[in-house]
Every structure is written in C-alpha cells, then in structure tokens.
Amino acid sequence: MARALEIAFLVIAVLFLALHAVNLRADFPNHSPWMDWSKYTDEGWYGDAAIRHYQRGHWYVPGDFNPAAALPVWPLAESAVFHFTGVNVVAARSLAVGTFALILIGSYLLLRRSSRFSGSDRNATSLAPAIGVLLLAVSPFCYAFSRLAILEPMLILLTVLALLAASFVRPRNQSSTLHYWIPLVSLGLLLPLMVLTKTTAVFLIPAIAWMFFARTAYNPKQFLRTALPALAIAAFLWATYYGLVVRPRFLDDYRYLFSANAYTGITAENAVSVIKDTFIDGTWVGKLIFPLALSAMVIALFFERRLLRNPLLPSLLLWIAGYTTFLAYHDNLQPRYYLVVAVPLTLLVAVVFESLWNRRDAILPLQHFVGVVAAGALIAVVASDARQTLHYVRNPEYTFANAAERIHQIVAADRTHNPLVLSISGSDLSLMTGLPSICDDFGTMELEDRVRAYQPGWYIAWNQVDDDKMDALTPIYHLNRVAAFPAMDDPERNLLILYRLDPPTPATPRRHRPKPVPRLLETSFGQQPTVTQLEH
C-alpha cells in the first residue's frame with residue numbers, strides 16, 4: 001500500500017513538473033498574490049554576462065551594472081546553454097526549470113537519506129520523500145518563481161546538494177579513504193559555488209554545518225578536524241577567484257554590488273513591525289502549507305523533541321531561521337526571497353507528520369487521528385495548490401513578451417538611431433529580443449556620464465520618466481514618445497513607454513524688429529543736431 005502511494009505521488013509530481021516547461025515565453029502570472037520586481041528585471045540583470053557574451057562578444061560593459069563580477073555561477077550556467085541554443089528567454093527559463101527538477105530529485109534523495117537517521121525500518125517505505133516532492137511540484141508559488149531565470153533556484157539546488165554531501169561525511173577512522181574524501185571535496189566545491197551564486201548563501205551555512213556536526217557524532221574536536229579539509233578547499237577556491245579575477249579587473253563592480261544591497265530598513269523603532277511583516281509574508285509560500293509548517297515546527301521543538309535526533313530536522317530549521325534572519329535584516333520583503341524558505345518549510349511538513357504517523361509507541365486511536373488529520377491536510381493542500389497551478393498553466397499571458405517584440409520591431413526599423421536601449425528592464429529586453437542595452441538604475445558610473453559615454457538611441461520607461469532620469473537625459477537629448485504598450489499588472493509598472501532619443505533642436509535666434517528712430521534724430525548726413533539742441 002505504501003509503495004503504491006509513493007509511486008502515485010511521484011507520478012503526479014512528474015506530471016506537474018512537466019507543466020513547468022509549458023508556455024515558457026509567457027509572462028509571470030498576472031494578478032497573482034506575488035507582486036515582485038524580479039519579473040521586470042532580474043532575469044536579464046543576473047544573466048547579463050551570458051547575454052552580452054554572445055550578443056556583443058564581451059560580457060563586461062564598464063560603468064554599467066555588472067553583477068557577474070561577484071555572482072558568476074548562474075551566468076556561466078546560462079552561457080553553457082546559450083552555446084547550443086543561442087540567447088533567448090525560453091532557453092534561460094528552461095535552465096531554471098531543469099534546476100527545479102534537480103531540486104526535486106535532490107530533496108527526494110535527502111529525505112530518503114534522512115529516514116535512515118531516524119531509525120526507521122530500512123525495508124519499510126517512507127512516504128515523506130514522495131510527499132515532499134509532490135507538495136513542491138504542485139505548489140503555485142514554486143511554479144511561478146522556479147520558471148524565472150533568477151538566482152534563487154540555483155542557490156536552493158546547491159544547498160540541497162551540500163546537505164546531501166554533508167550527510168555522507170564520516171570520521172577518518174570509520175571510513176575508507178575514498179568515502180572520507182568524496183563528501184569533503186564535494187563540500188569544498190559546493191560552499192564557494194553557493195556564495196558565488198548569491199552572497200546571501202552565508203545565512204545557509206549553519207544548516208550545512210549542523211548536518212556535518214551530526215555526522216561527526218556531535219564531537220566538537222572531531223567536527224573541526226574533519227571539517228578543516230573542506231573549509232580549506234572552499235577558502236582556496238574563493239580566494240583564487242577573488243585574487244585572480246576580481247581584484248585585478250572588477251573590484252569596483254564587486255564592491256558596488258555589496259554597496260547597492262548593503263542597506264537595512266530595520267531599526268530599533270520598527271523592529272517589531274518588520275519582524276511581524278517578515279512572519280506574515282510567509283503566507284506567500286502557501287496559505288495552507290505555511291500554517292502546517294509552523295505546526296510542524298512547534299511539534300518538533302516543544303512536543304516531540306525526539307524528532308530532533310534526526311539531523312535533517314535541525315538542519316531544515318536552521319535553514320529557515322538563517323534565511324528568515326536575512327529577510328528581516330534586509331527588510332526588502334520580495335516574494336522571490338521566500339522561495340529559498342519554501343523548500344525547507346515544505347520538506348519539514350513531510351518529515352514531521354510522517355514521523356508522527358510511523359511512531360511505534362503511539363496509542364492506536366491517537367495514531368489514527370493524527371494520520372487522518374495529516375492525510376486530510378495533505379489532500380487539501382495538494383488539491384488547492386494543483387487547482388491554482390493548473391489555472392496559471394491554462395491561462396498564459398504574453399503582455400510583456402509581446403511589448404518587447406513590438407519594441408524590437410520599431411527599433412530595428414529605424415536606421416537613423418543607435419539601437420542601444422537605456423532602461424531598468426533593458427537586460428530583460430536583451431534576453432527576449434537581442435536588443436543591446438544598458439541599465440538606467442544601477443551602475444558604477446553616474447547615469448549622466450554613462451549616457452554621454454554610450455549614447456543610447458532609445459529610452460524605455462515604466463509608466464513615467466522619473467526626475468533623475470529626465471535630469472540625466474535632457475541636457476543632451478530630446479525625448480520623443482514613440483509608443484506605449486500595456487504590460488504586466490503592477491499599478492506602478494503596467495505601461496511600457498518607448499522614447500526615441502533625438503538630438504535637441506537648436507534654438508532659432510529671434511528676429512527683432514528695428515526700433516523706430518526718434519524724429520529729432522531723423523536728419524541727413526551732416527545735419528546732426530548739436531548737444532544743446534538735443535538737451536532742449
């Protein structure tokens with residue numbers, strides 16, 4: 001029975017995973033609960049190095065936004081794909097969907113691995129791995145964000161792989177040389193890759209460290225002795241990249257990424273409200289799965305502390321706590337950041353409730369009650385999430401995609417202006433259409449200097465031209481509004497406006513009518529009045 005259920009859950013999960021690859025050119029779902037800026041910008045920004053490498057022949061644009069200097073992993077992965085497909089948004093999003101598929105596989109293997117730590121019968125079929133994968137596959141939240149070519153899916157995948165590698169760590173005296181070194185070398189590679197994918201990965205390292213600590217029998221000395229080779233490899237790789245690539249050439253771009261994201265909106269006065277908002281916004285993960293995850297936390301921490309003997313549960317809790325700390329500190333509560341938390345929350349639900357059901361010393365009626373409640377909750381979550389996900393699959397919209405194509409046609413048809421586009425969404429347009437672009441928001445060079453240096457021929461704004469952009473453009477350009485396209489659903493960004501940047505029209509000197517000559521001065525040559533006559 002359990003084996004049949006596991007197969008059924010996995011089949012449904014595979015079907016919903018396949019739906020992630022349908023309509024990849026479509027917009028991020030409009031009128032969804034998640035109003036996130038990444039759907040306008042991040043796919044292009046963080047893949048810009050790969051896009052420019054194939055479109056321009058070089059990835060670096062001095063003075064513009066060049067995040068690949070600090071975050072090279074995702075653009076390198078995209079470059080490998082673009083080598084075969086060429087630059088296009090469908091290829092980039094296919095890579096994101098493939099990454100999500102690997103997340104599901106890694107999560108399944110991690111939960112299967114954790115069932116051995118919990119002391120359950122190895123011959124028994126644990127449903128937790130299949131349940132966890134099913135909940136992630138049908139999640140509309142995961143559907144919406146795992147289809148975007150952004151950094152978070154890759155960060156999640158590397159974290160899952162690092163936890164899996166840490167679960168195989170063994171002390172030197174308890175394993176062969178090969179079994180000892182493979183997990184350590186893997187961790188030595190994965191840790192710098194995590195940080196070079198997204199710097200916020202440092203908030204996830206405690207979760208991996210706990211799994212490592214558990215595998216060394218919670219012995220601090222054994223932990224330090226075993227972890228040292230992995231840390232040495234990780235430090236060497238990161239230092240090599242920084243010393244040979246970043247410091248000699250791209251140090252300003254590297255520092256700029258941190259300065260642009262180093263702010264925090266949390267203060268002593270608003271700390272309570274920020275923490276409350278951070279907590280409440282967790283419902284973005286799912287209105288049913290989020291309270292279930294909170295219930296699982298409470299059960300594991302206060303009522304069934306024996307569950308914490310399974311090292312995966314403390315690791316998942318540290319994963320959630322670590323990244324939630326970043327969310328509260330940064331106080332920029334964008335829904336995409338919660339994708340990194342959605343995976344451990346979902347896996348926690350699967351592990352905790354299945355552990356309660358399999359508890360051998362439970363009173364039979366109580367065990368049945370818990371099983372019925374858990375099964376009912378599972379059915380409700382899957383049904384609700386599957387319904388919403390299917391709605392997004394059946395109703396794709398192409399407002400942004402079509403607007404980008406229309407803009408491309410207008411720019412390509414004009415032979416008199418530089419096709420270079422200036423826009424906050426310029427990199428997304430480059431990914432969708434191939435138009436060259438620079439960013440009007442981020443960059444190491446002041447916007448006025450950047451505009452003068454690169455002389456774009458077109459400017460694209462959302463809804464209006466901001467004052468600072470106007471101040472940078474008007475000294476050297478006249479903005480001629482060419483077209484406007486309704487796109488997306490954000491009230492502040494739902495009209496994409498195309499301006500042609502024309503040279504300012506030279507001012508025509510005004511013609512002054514000659515002033516009449518006073519009658520007293522109307523004399524012929526040689527008959528000018530004397531000073532005495534003028535005085536009179």
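Start by selecting Tyr 218, which sits in the loop between helix H10 (205-215) and helix H11, in what is a predicted model. Although Tyr 218 is not a glycine, its phi is positive, at about 55 degrees. Is its side of the loop covered or open to the outside? Tyr 218 counts as partly exposed, because its relative accessible area is 36% and this class runs between the 20% limit for buried residues and the 50% limit for exposed ones.

From this loop, follow the chain into helix H11 (220-249) and then add helix H9 (177-197) to the selection, since these are the elements that give two or more residues to a nonpolar surface patch. To display the patch itself, select Trp 181, Val 185, Leu 189, Leu 193, Phe 236 and Leu 237, which together make a nonpolar area of about 500 Å² on the surface. Which helix gives the most to this patch? That is H9, with 4 residues. Within helix H9, pick out Leu 193, whose relative accessible area of 35% makes it partly exposed.

For a contrast, go next to Leu 136, in helix H6 (residues 128-138). Leu 136 has a relative accessibility of 0% and therefore counts as buried. If residues up to four places away in sequence are set aside, Leu 136 touches Phe 100, Leu 104, Ser 107 and Cys 142, and also Ala 342, Val 343, Thr 346 and Leu 347. The last of these partners is worth labelling, as Leu 347 lies 211 residues from Leu 136 along the chain while their C-alpha atoms are separated by 8.5 Å.

A second buried position is found in helix H4 (residues 73-85), where Ser 79 should be selected. Ser 79 counts as buried because its relative accessibility is 16%, under the 20% cut-off. Apart from neighbours within four places in sequence, Ser 79 is in contact with Ala 50 and Tyr 54.

Now colour the strands, which form an open sheet of 5 with mixed pairing, in the order E2-E1-E3-E5-E4. At the edges are strand E2 (437-438) and strand E4 (478-490), each of which pairs on one side only. Beginning from the E2 edge, look at strand E1 (residues 421-422), which runs parallel to E2 and is joined to it by 2 bridges. One position to mark here is Leu 422, whose bridge partner in E2 is Ile 438.

At the other edge, select Met 488 in strand E4. Met 488 is another residue other than glycine with a positive phi, in this case near 65 degrees. Is Met 488 buried or exposed? With a relative accessibility of 10%, Met 488 counts as buried.

Keep E4 on display and add helix H18 (residues 399-413), which lies across strand E3 (458-462), E4 and strand E5 (493-502), and which runs at about 160 degrees to E4.

Finally, zoom out to the whole chain, which has 22 helices and 5 strands. Of its 536 residues, 51% are buried. The accessible surface comes to about 26,000 Å², and 62% of that area belongs to carbon and sulfur atoms. Among contacts between residues at least 6 apart in sequence, 76% join residues at least 24 apart, and the pair of Leu 136 and Leu 347, 211 residues apart along the chain, is one to revisit with this in mind.

Key: Residues numbered from 1 in each chain as written. Predicted model: local features only at pLDDT ≥ 70, side-chain atom pairs only at ≥ 80, totals over all residues. Heavy atoms only, no water. Pairing = 2+ DSSP bridges. Contact = heavy atoms within 4.5 Å. Axes fitted to C-alpha atoms, helices over the stretch in contact; angles between N-to-C directions. Patch = residues over 30% accessible without salt bridge, like charges linked within 9 Å, V, L, I, M, F, W, Y side chains within 5 Å. Areas by Shrake-Rupley, 256 points an atom, 1.4 Å probe, with all protein chains shown as cover. Salt bridge = Lys/Arg side-chain N within 4 Å of Asp/Glu carboxyl O. Buried < 20%, exposed > 50% of the residue type's maximum accessible area, 1.4 Å probe, protein only.
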